[in-house]
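Me: Please take a close look at the aromatic rings in the model below and describe where they sit. I am new to this structure, so start with the overall fold and then show what surrounds the rings.

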Amino acid sequence: MKCFICDSEAGLFCKKDNFLIYKCGTCGSGFTEGLEIKKGSYHRDEVYIGGRDQFVNIFRRRVELIKKYFKDPGKVLEVGSSIGTMLSIFKKDSWDVRGVEISPKAARYALEHGIPTTYSTIEKADFPEESFDAVIINHTLEHLESPKDVIKKVNSLLKKDGLILIDVPNFGSLSAQMQKNKWLYLLPEEHRWHFTEEGIERLLSDNGFKVIEKFMPSGVFDYGSPMLELWQALKGGKKRFFKDLFMAVPALILTMTGKGTSLTVLARKK
Ligand SMILES: [Zn+2]
C-alpha cells in the first residue's frame, strides 16, 4: 500500500468492522482501504440546524483566524458549507460569501437563509479562476474522493496570496494513536482519509501553498470562546458541561503540545 499524499509505504494500522485502516510510515497519514462512499450518506443536516449556537462558537475561531489577515472584508468560499452557519458569520462581518454543498436539503436551507450556495461538488463547480480571497474546507476533505484534486482546484480559484483554511480530525492526535479503532473520529464508513500535521503540510506544499499557521486544539479550546461553550453547555445539558469541565485540563495540555483531536491549518497561495 502507498500513501495517498507522499507515496511512501503504508502499513496496516487497525481494523474496524469490515474496514482496514492503513498508516503511512513517513508522514503518518492514514486511509480507509477500498471505501466507496455513498453520495450524501454522511450529512448531518439536522445536527447542524439543532446545534447552531454551539457551531457558531466552534466556527468563530476559524473565522477570526482568516479575518486577521485582511484589512477589509473580502470574498470567501466554503467547500462543504452545509446549512451555511460559518458563512453567515462572515456575512455579518460584511464579507461576500459563496458556499458549495452536495446535500440538497442543506443547500436549500442555506439559500432560504440568504447564503448563496451552489448545489454541486467542488470539482464540478463553475467559479471564475482567481476570484476568491479565502477558501475554507471544514471537516470535509476527509470525505472527498481526491484531496489532491480538490487542493489544486482551490488553488486555481484563489487570488494571488489568497488563503486556504483546512480543518480535519487530527489522526496524529494522542487519542487517535492510542485509541486506534475506538477513536471517536475514525469513522471508517465515512472518512476515506485520516490526516496528520505532516501530511497536510506536504499536500499543501506539493500543490502551490505555503503553511503559515497551524493548531491542534482539543475540547473547549477548539471553540472561539471556551467560556461561552461552558456557559452554553451548562444551559443546554449538564452532561456536556461536566464533560467539558473535567476534560478542560487534559484538553489544555493536548492543545499546548500539538496533540489535540482537531487539526487546523492555514496556508497562503504561493
Ligand atoms: Zn505519507
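Reply: The answer starts with the whole chain, turns to the ring pairs, and then goes through some other residues.

The model is predicted. Its protein chain has 10 helices and 11 strands. The radius of gyration is 18 Å, close to the 18 Å that the globule rule gives for 270 residues, so the chain is as compact as a globular protein of that length. Taken along the principal axes, the C-alpha atoms fill a box of roughly 45 × 45 × 35 Å. Of the 270 residues, 51% count as buried. Contacts between residues at least 6 apart in sequence can be split by how far along the chain they reach: 71% of them join residues at least 24 apart.

Now the rings. The structure holds 13 aromatic pairs. One of them is formed by Phe 4 and Phe 31, whose rings meet edge-to-face, with 6.3 Å from centre to centre and 80° between the planes. This pair links distant parts of the chain: Phe 4 belongs to the segment before β1 (10–16), Phe 31 belongs to strand β3 (residues 30–32), and 27 residues separate the two. Both Phe 4 and Phe 31 are buried.

A second pair, Phe 242 with Phe 246, is stacked, with 6.1 Å from centre to centre and 25° between the planes. These two residues lie in helix α9 (residues 238–246), and because they are 4 residues apart there, about one helical turn separates them. Phe 242 has 40% relative accessibility and therefore counts as partly exposed. Phe 246 has a relative accessible area of 63%, which makes it exposed. The two described pairs can be set side by side: Phe 4 and Phe 31 are buried, whereas Phe 246 is exposed.

Phe 4 and Phe 31 also belong to a cluster. Ring pairs link them with Tyr 22, Trp 193 and Phe 195. Two cysteines can be mentioned here as well, Cys 3 and Cys 24. Cys 3 is buried, since its relative accessibility is 4%. Cys 24 is likewise buried, with 3%. A disulfide is a covalent bond between the sulfur atoms of two cysteines. The count of disulfides in this model comes to 0.

A ring can also face a charge. The charged end of Lys 75 sits over the ring of Phe 132, 5.1 Å from the centre of that ring.

Two further phenylalanines appear around Thr 85, a residue of helix α3 (residues 85–92). Thr 85 counts as buried because its relative accessibility is 4%. Apart from neighbours within four places in sequence, Thr 85 is in contact with Phe 55 and Phe 59, and also with Arg 52 and Val 56.

Helix α8 holds another aromatic residue, Trp 231. With a relative accessible area of 48%, Trp 231 is partly exposed. The C-alpha atoms of Trp 231 and Phe 241 are separated by 8.0 Å, although the residues are 10 apart along the chain. Gln 232 is also in helix α8, which spans residues 226–236. A relative accessible area of 15% makes Gln 232 buried, because buried means under 20%. Not counting residues up to four places away in sequence, Gln 232 touches Asp 53, Gln 54, Asn 57 and Arg 240.

The stretch around Phe 246 also carries an annotation. UniProt, in an unreviewed entry, places the feature "transmembrane region" at residues 245–267. In the model this span is 48% helix and 26% strand, and its end C-alpha atoms lie 32 Å apart.

Two backbone angles complete the account. Most residues other than glycine have a negative phi. Asp 161 has a positive phi, near 65°. Asp 161 is found in strand β8 (residues 158–169), and it counts as partly exposed at 40% relative accessibility. Leu 187 has a positive phi too, near 35°. Leu 187 is in the loop between α6 (174–179) and β9 (193–194).

How values were computed. Residues numbered from 1 in each chain as written. Predicted model: local features only at pLDDT ≥ 70, side-chain atom pairs only at ≥ 80, totals over all residues. Heavy atoms only, no water. Buried < 20%, exposed > 50% of the residue type's maximum accessible area, 1.4 Å probe, protein only. Contact = heavy atoms within 4.5 Å. UniProt positions renumbered as here; feature names shortened; annotations may be inferred. Phe/Tyr/Trp six-rings, centres within 6.5 Å; stacked < 30°, edge-to-face > 60°. Lys NZ or Arg CZ within 6 Å of the ring centre and 35° of its normal. Disulfide = S-S within 2.5 Å. Rg over C-alpha atoms; globule rule 2.2 N^0.38 Å.
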